[in-house]
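Welcome to this short guided look at a molecular structure. Please bring it up on your screen and keep it open while you read.

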Amino acid sequence: MSEPVLEIKALTRRFGKFVAVDALTLSVKAGEVFGLLGSNGAGKTTTIKMLVTLLPPSSGEASVAGFSITSQAVDVRRTIGYVPQAVSVDGSLTGYENLLIFAKLYDLPRREQQARIREALEFMGLSADAGRMVSQYSGGMVRRLEIAQSTLHRPQVLFLDEPTVGLDPIARDAVWKHLADLRTNYGTTLFFTTHYLEEAESYCDRIAVMHLGKVAALGTTKELEDSLGEGEHTLNDVFMHYAGGILDSGGSFRNVSYERATAQRLG
Amino acid sequence: MTATLIHPLTGFIEKTFVITEFELRKLRHDFTELITRALQPALWLVIFGQVFSRNGAMHTGNIPYLDFIAPGILAQSVLFVAIFYGINVIWERDLGIVQRFLASPTPRAALVLGKGFSAGIRTLSQAVIVYVISLLLGVKLNWSPLALLNVLVIIVLGATLFSTFSLIVACIVKTRERFMGVGQVLTMPLFFASNAIYPIAIMPDWLKTIAHLNPLSYVVDALRAFMLAGGTSALGVGRDYAVILLTTAILVFIGARLYPHLAW
């Protein structure tokens, strides 16, 4: 819990004149559960996309497990797991097949593939449904399968973009229980974005509140609440203080329709 | 030194086949697609082919028009299936599947080529139907194993070529609506500016030039050489293979460059 596994230095992404992520600097320790909070359009998804090497930064740098996201992208990809916001498993295959393809893509030794898949299915509580088509899975099961798929190769850091969007509270709890187990058993660092403040409060070691592409506040829940000064404060107050102000300013049509489509597919 | 040279290549080939396997496993769960796709070539051969052969309007040299058109229709069905393949990529982008694959260490070119091969294997059902109908209509086919193998390789390569082209279009236009529009615009010119249903020799000069630049002409030409008993190539089989392979390689290279942009 000491060495930083993720180092972000002045990471910036522009789309034309619009600055989506503005000189973001952060450091996440190995084994930490780190939550990125922010309103729509704050730059959370853009940040994750850069860290998982899907989107090249306009300037700045970041390293994951010591590998640069710009010059050592393939090494980064081997070290990380990524669960995008939208549904990333294929509904026209079984749960087992979805895992098998990724076991092969990540070069798991042939002898170990079956054992790893079995273990991942068991770990995510999906053993009984491995042979069913994913199109028949519930939203929570789809998310758990995605997490199983993204952790088959035992990544050091697991990136999750809105992992519980569109799930009911029971499915959400189940997803979080399994994520917490991942950290306990394998020491996986979790880096995730969310809109749900109570999730951040319950599960994160530290939180960064992003606003207009920048880190507006950073710390443990308690540190953030204390930063507002005298009196009782909740994380909601923290969020309103740092990310509020300009009401409903962010997000684009594409982002919103994407998110709603995901919620609909999972829900 | 040799080991370091060989490893990335075997890794690349292995990953290409994993992607092909991923696509083909979907087909195993739902093969209605294979049956519906077989209908179109059947219609072209039975209706268009029969009418034009009766009319005798086409000068196709020593071979009957139906024999002439059978390889053309096979190539056409390969083209029609492959050219709309990119729509799947847009669909996978609207889900998070493209993003998920791109965040894995799989080489980009293997992602593109693997998808292309799967499109190629999907066209095999059409080859079967074209052969069956051709047989029923009395087309003289070449049944030698070597000729059949060549036909197989050519249609898989042809489908890989055009599906990769389709993937490139998908990477550029990015939405289903625009893609369908562009696909419609491209299909007919590619088909009519080729030797699929009439010989290049009877075309006006400007169209001859286009037909020679059109990869479909080389697919058709090679199929005509291998599919028919006593079939001959007008352009040269070696040249057909060279053009098809080189074009595919260039398209895969471009596709691998553009594919990551889908995740932006």
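Helix 3 and helix 5 of chain A run roughly parallel to each other, because their packing angle of about 25° falls under 35 degrees. The axes of helix 3 of chain A and helix 5 (residues 139-151) of chain A are 9 Å apart. As for handedness, helix 3 of chain A passes helix 5 of chain A in a right-handed crossing. On the helix 3 side of chain A, the contact is made by A:Gly95, A:Asn98, A:Leu99 and A:Phe102. On the helix 5 side of chain A, the contact is made by A:Leu145, A:Ala148 and A:Gln149. By character, the residues of this contact between helix 3 and helix 5 of chain A divide into 4 nonpolar, 3 polar and no charged. All of this comes from a predicted model, so please read the values below as computed ones.

**The two chains**

How many helices and strands are there in chain A? Chain A has 10 helices and 10 strands. The radius of gyration of chain A is 18 Å, close to the 18 Å that the globule rule gives for 267 residues, so chain A is as compact as a globular protein of that length.

Chain B has 12 helices and 0 strands. Reading along its sequence, you will find the pattern α-α-α-α-α-α-α-α-α-α-α-α in chain B. With 264 residues, a compact globule would have a radius of gyration near 18 Å, and the 19 Å of chain B agrees with that.

Here are some values for the two chains side by side.

| Chain | C-alpha box along the principal axes | Buried residues | Share of contacts (residues at least 6 apart) that join residues at least 24 apart |
|---|---|---|---|
| Chain A | roughly 55 × 40 × 35 Å | 46% of 267 residues | 70% of contacts |
| Chain B | roughly 55 × 45 × 40 Å | 46% of 264 residues | 81% of contacts |

**Where the chains touch**

Now turn to the place where the two chains come together. There, 23 residues of chain A are in contact with 19 residues of chain B. Which elements give two or more residues to the side of chain A that touches chain B? They are helix 2 (73-79) and helix 3 (95-105) of chain A. The largest share of this side of chain A, 5 residues, comes from helix 3 of chain A. Helix 3 of chain A therefore appears twice in this tour: in the contact with chain B and in the roughly parallel pair with helix 5 of chain A. By character, the residues on the side of chain A that touches chain B divide into 14 nonpolar, 4 polar and 5 charged.

**Helix 1 of chain A and the residue after it**

Is helix 1 of chain A largely enclosed or exposed? In helix 1 (residues 44-51) of chain A, 8 of the 8 residues are buried, so this helix is largely enclosed by the rest of the structure. If you would like to find them on the screen, the buried residues are A:Lys44, A:Thr45, A:Thr46, A:Thr47, A:Ile48, A:Lys49, A:Met50 and A:Leu51.

Helix 1 of chain A is followed by A:Thr53, with a positive phi near 70°. That is a positive value in a residue other than glycine. A:Thr53 sits in the loop between helix 1 and strand 4 (59-64) of chain A. A:Thr53 is buried, because 26 other C-beta atoms lie within 10 Å and 20 or more are needed to count as buried.

**A positive phi in a strand**

A:Ala10 is another residue to look up: its phi is positive, about 50°, although A:Ala10 is not a glycine. A:Ala10 is found in strand 1 (residues 4-15) of chain A. With 13 C-beta neighbours inside 10 Å, A:Ala10 counts as partly exposed, whereas A:Thr53 is buried.

**A stop in chain B**

Finally, visit B:Val51, which is found in helix 2 (residues 32-55) of chain B. Is B:Val51 buried or exposed? B:Val51 is exposed, with 11 other C-beta atoms within 10 Å; the cut-off for exposed is 12 or fewer. The C-alpha atoms of B:Val51 and B:Tyr65 are separated by 9.9 Å, and these two residues are 14 residues apart along the chain.

Notes
Residues are numbered from 1 along each chain as its sequence is written. Chains are lettered from A and ligands numbered from 1 in the order in which they are written. This is a predicted model: local features need pLDDT of at least 70, side-chain atom pairs count only at pLDDT 80 or more; totals for chains, interfaces and linings use all residues. Two residues are in contact if their C-beta atoms, placed from the backbone, lie within 7 Å. Helices (H or I, at least four residues) and strands (E, at least two) are DSSP runs, numbered from the N terminus. Ala, Val, Leu, Ile, Met, Phe, Trp, Tyr, Cys and Pro count as nonpolar, Asp, Glu, Lys and Arg as charged, and the others, Gly among them, as polar. The radius of gyration is taken over C-alpha atoms; the globule rule is 2.2 Å times the number of residues to the power 0.38. Axes are lines fitted to C-alpha atoms, for helices over the stretch in contact, and angles run from 0 to 180 degrees between N-to-C directions. Angles under 35 degrees count as roughly parallel, over 145 as roughly antiparallel, 65 to 115 as roughly perpendicular and the rest as oblique. A crossing is left-handed if the near helix is turned anticlockwise from the far one by less than a right angle, and right-handed if clockwise.
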